[in-house]
Amino acid sequence: MQEATTTTTEKANPNKLTAKNVIGYALGDTGGVLAFGVISSFLNMYYTDVFGINAAQIAILFLVARVWDAINDPIMGSIIDHLKPRKTGRFRPWIYFFSFPMMISLVLLFLPVYDWFGMSSTQLLIYAYITYIFYGMMYTGVNIPYGSMATVMTNDIKERSTLSMARTVGAGIGQMAGSVIFPLVVYSVAANGAKYLDGHKLFAATLVIVGFQIVAYQLNYRLTRENIIAPTKKKGESSVGKTLASLMKNRPFVTLSLASMLLIAGNMFTNTANGYLLKNYYEMPGLQSLVPIATYLPMALSIPFLNKLVMKFGKKELCGFGAFIAAGAYLVMFIWKIPNPYIFMGFLFLTGIGLSFFTMEVWAIVSDAIDYQDKLTGRREEGTSYAIFSFFRKMGQTVAGVGFNALLGVIGYVSAEAGAGDVVQQTPEVNNGIYTLATLVPFIMYLIMALLMQFGYNIGRKDAIALKNELEERNAKRDAQAKESQEA
């Protein structure tokens with residue numbers, strides 16, 4: 001296992017990343033998204049159809065969890081920034097340690113306590129609060145150091161882009177379990193022929209997922225290394241409040257946080273809306289397994305060319321342009337009212353092409369925004385900065401979940417009774433409303449995101465190069481002065 005060391009050569013030009021470093025970093029998000037994908041695809045349905053919790057109670061649960069995240073995430077980031085790093089690095093030990101309780105929390109989420117212990121509805125609601133908030137805290141313990149680690153693996157623009165792409169690929173692999181494979185194995189057929197979510201099958205499949213997570217996190221720890229060692233924050237030198245206040249003056253960080261929040265909100269909104277759209281408007285629910293393929297395939301196809309495009313045009317420029325493509329595609333879908341689901345899938349592929357740039361480069365861009373914070377304040381605060389950025393992304397999840405269900409009620413969608421199966425036939429007006437939600441709302445979200453990146457985010461290609469050179473020169477002078485002081 002390689003230890004984190006710093007040499008004069010590394011400060012000027014950190015150790016070049018190897019293929020195993022990149023693969024190891026990607027596997028960290030595979031482990032996280034294996035859990036996140038299952039939760040985003042099935043937890044809401046598990047609570048309503050298995051635990052019997054009503055939608056209003058679930059919405060309150062999610063809101064309470066996000067409020068706690070607003071407190072919990074920055075605290076976690078600040079702790080990481082202020083504690084002295086170990087020999088194996090500042091961030092890697094945290095990922096390794098918290099991965100085990102995070103996997104336990106995933107098992108507890110889907111534990112069939114309703115059957116094993118015969119809990120009442122009130123007891124199940126309390127159990128949902130405890131286990132979901134516990135999972136969120138453990139996920140924070142893994143995700144905050146994981147996201148921050150990219151900033152200390154390399155400061156090279158091209159290599160950061162490679163890490164960002166690798167993370168997206170790793171996340172895509174993890175997402176496949178929840179969105180493509182799980183729908184094929186976690187449903188059972190009732191006596192009347194209706195399909196229902198089988199809690200026991202979901203629990204068994206989750207145990208399999210945990211086995212893959214163990215492998216992913218072990219390899220993430222053993223294959224990665226931290227090359228850039230940032231100084232530990234002294235007590236009283238900075239605080240969450242001070243960091244937050246300074247970050248709110250960091251234009252690229254604020255702009256990127258808002259744009260990333262819209263990206264997450266748009267992706268989760270469309271994932272949910274497309275399920276209703278294919279079931280009700282097109283009456284072909286089986287096509288839902290193709291949706292993630294239509295959105296992730298463009299990312300896979302762009303990998304060989306993305307670094308070259310980044311070096312030629314810049315990350316900010318590509319992300320803004322791609323978001324405009326996605327927004328334009330959704331605008332055409334909204335106006336046209338596409339009659340054929342396969343043509344609709346083709347347009348989803350087009351939106352996937354546009355969003356690929358942002359999705360695959362967002363982690364490289366946030367590293368630049370954190371570097372910009374270093375320029376403004378003279379302090380490296382990766383943990384706290386990434387925690388606040390992560391909170392914005394979690395707010396995107398909340399906006400999507402609460403917003404979609406609220407709009408579904410506005411158009412008059414009628415839910416089936418628990419356990420009755422898919423027996424409610426929606427009116428043509430409701431089905432047309434679902435189509436409008438699935439196309440108009442994403443158009444608005446991605447258009448705003450495009451405008452933010454194009455006109456709000458102010459670190460273009462030349463700016464990123466200049467920022468990198470400025471920080472390297474400043475750090476070299478600081479290290480030279482420190483060495484002179486020690487010799488004196």
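**Entry 1: D368 and its salt bridge**

I began with D368, which is buried at a relative accessible area of 7%. The model is a predicted one, and I read every value below as computed from it. I then looked for the partner of D368 and found K315: the two form a salt bridge in which the closest N and O atoms are 3.0 Å apart. K315 sits in helix α12 and D368 in helix α13, so I noted a link between distant parts of the chain, 53 residues apart. I checked K315 for exposure as well; K315 is buried, with a relative accessible area of 7%.

**Entry 2: other salt bridges**

I searched the whole structure and got 2 salt bridges. Besides the K315 and D368 pair, I have R167 with D29, at 3.1 Å from N to O. This pair also links distant parts of the chain, with R167 in helix α7 and D29 in helix α2 (residues 19–50), 138 residues apart. I looked up the accessibility of R167 and D29 and both are buried.

**Entry 3: cavities**

I ran a cavity search over the whole structure, and it returned 5 cavities of 30 Å³ or more. The largest cavity holds about 60 Å³ of space. Which residues line the largest cavity? I listed N155, I157, R160, D368, D371, A464, L467, K468 and L471. D368 from my first entry is thus in this lining as well as in a salt bridge with K315.

I sorted the lining by element. Helices α7 (157–181), α13 and α16 (461–487) each give two or more residues to the lining of the largest cavity. The largest share, 4 residues, comes from α16. I then sorted the lining by class and recorded 4 nonpolar, 1 polar and 4 charged residues.

**Entry 4: aromatic pairs**

I searched the whole structure for aromatic pairs and found 23. I opened W94 and F98: the pair is stacked, with the ring centres 6.1 Å apart and 10° between the planes. Both residues lie in helix α4 (residues 92–109), 4 residues apart, or about one turn of the helix. I looked up F98, and F98 is buried with a relative accessible area of 14%.

I took W336 and F347 next. Is this pair stacked or edge-to-face? I get edge-to-face, with 5.9 Å from centre to centre and 75° between the planes. W336 belongs to helix α12 (residues 315–336) and F347 to helix α13 (residues 341–377), so the pair ties together parts that are 11 residues apart in sequence. The accessibility of W336 and of F347 falls in separate classes: W336 is partly exposed, with a relative accessible area of 43%, whereas F347 is buried at 17%. I note that helices α12 and α13 also hold the K315 and D368 salt bridge.

**Entry 5: ring cluster and a charge over a ring**

I followed the ring pairs further and reached a cluster that links Y46, Y47, F51, F110, Y114 and Y127. Lastly, I checked R92 against Y221. The charged end of R92 sits over the ring of Y221, and I recorded 4.6 Å from the ring centre.

Notes: Residues numbered from 1 in each chain as written. Predicted model: local features only at pLDDT ≥ 70, side-chain atom pairs only at ≥ 80, totals over all residues. Heavy atoms only, no water. Phe/Tyr/Trp six-rings, centres within 6.5 Å; stacked < 30°, edge-to-face > 60°. Buried < 20%, exposed > 50% of the residue type's maximum accessible area, 1.4 Å probe, protein only. Lys NZ or Arg CZ within 6 Å of the ring centre and 35° of its normal. 1 Å grid on protein atoms, 1.4 Å probe; cavity = no way out; pocket = protein on both sides within 12 Å on 5 of 7 lines; lining within 4 Å. Points joined across faces, edges and corners; volume = space filled by probe spheres on them. Nonpolar A, V, L, I, M, F, W, Y, C, P; charged D, E, K, R; others polar. Salt bridge = Lys/Arg side-chain N within 4 Å of Asp/Glu carboxyl O.
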